[in-house]
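User: I am new to this structure and would like to understand its main features. Please take me through them in order.

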Amino acid sequence: MEKIPVLDYLKKIVNQESVEGYNTFLQYPTAISETLKFKLTGIDNGEAHVSLKTDVKIHANQQETVHGGMLCELADAAIGTAHSTVIEEGESFTSIELKINFFRPVWNDTLVAYAKPVQRGRTITVYQCTIENEMGKLVATVLSTVMTLRGDKAKGR
C-alpha cells in the first residue's frame, strides 16, 4: 500500500480514479459522509466542494424542508475536508466555532458546499463555506474556526 498526501488521494477520488493500492494518514471516505451520502466534487489545497442530493423523506424537519442541521453537517464536511489537505501526518484538527446563516429553504434539490480559507494561521484557520442549490442560489453561508492540533494534543483524535 503506497501512502500519499491527503490532497493527492482526494484528487483521485474527485477524478474518479481508483484509490486501490493507495492510502493516506486520514480515513476517507469518512463514516458520516458515507452515511449521509455526501459526494466530494472538487478539491484543492485548503479548498473543497461537497455535494448532497437532498430528499425531504430523509432530511426534512417538522416544516417538511431540509433540516438546518443537515446544512451545518454538509458545510462542516466541506470545511473539514478542505482543512485535511493542509495538515501534516501526526497532526489533527478540531472545529472550535461554527456560525451559519440560512437564506432560503430547501426541499428535494442538489446542494453544493464550497469551503475555502478566509485567513490561514499556523494553528487557527477561519473558513468560509457557501451552500448553493442546483440553480446556483445561495442557501446558507457558514464561518468556521478550525484549530490544528500537534504533538500530544493530536493523539487519539
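User: Which residues does the UniProt annotation "domain: Thioesterase" cover?

Analyst: The model is a predicted one. The annotation comes from an unreviewed UniProt entry. According to that record, the domain covers residues 65-139.

User: How far apart do the end C-alpha atoms of residues 65-139 lie?

Analyst: This span is 23% helix and 44% strand. The distance between its end C-alpha atoms is 12 Å.

User: Which strands stand at the edges of the open sheet, and why is one side of each left without a neighbour?

Analyst: The open sheet has 6 strands in the order 3-4-6-7-8-5, with antiparallel pairing. From one strand to the next, the twist averages 20°. Each edge strand has a single partner strand, so one of its sides has no neighbour in the sheet. The edge strands are strand 3 (39-44) and strand 5 (92-102).

User: Within this sheet, which residue is the bridge partner of Val50 in strand 6?

Analyst: Strand 4 (residues 47-53) and strand 6 (residues 110-120) run antiparallel and are joined by 6 bridges. In strand 6, Val50 is partnered by Ala113.

User: Is helix 4 largely enclosed or not, and how many of its residues are buried?

Analyst: Helix 4 (residues 68-84) reaches 24 Å from its first C-alpha to its last, close to the 24 Å expected at 1.5 Å a residue. Buried here means under 20% relative accessible area. The buried residues of helix 4 include Met70, Leu71, Leu74 and His83. Helix 4 is largely enclosed by the rest of the structure because the number of its residues that are buried is 12 of the 17.

Methods. Residues are numbered from 1 along each chain as its sequence is written. This is a predicted model: local features need pLDDT of at least 70, side-chain atom pairs count only at pLDDT 80 or more; totals for chains, interfaces and linings use all residues. Side-chain values use heavy atoms; hydrogens and water are left out. UniProt positions are given in the numbering used here, feature names are shortened, and annotations may be inferred rather than shown by experiment. Helices (H or I, at least four residues) and strands (E, at least two) are DSSP runs, numbered from the N terminus. Two strands pair if DSSP finds at least two bridges between them. Axes are lines fitted to C-alpha atoms, for helices over the stretch in contact, and angles run from 0 to 180 degrees between N-to-C directions. The expected span of a helix is 1.5 Å times one less than its number of residues. Buried means under 20% relative accessible area, exposed over 50%, partly exposed in between (1.4 Å probe, protein chains only).
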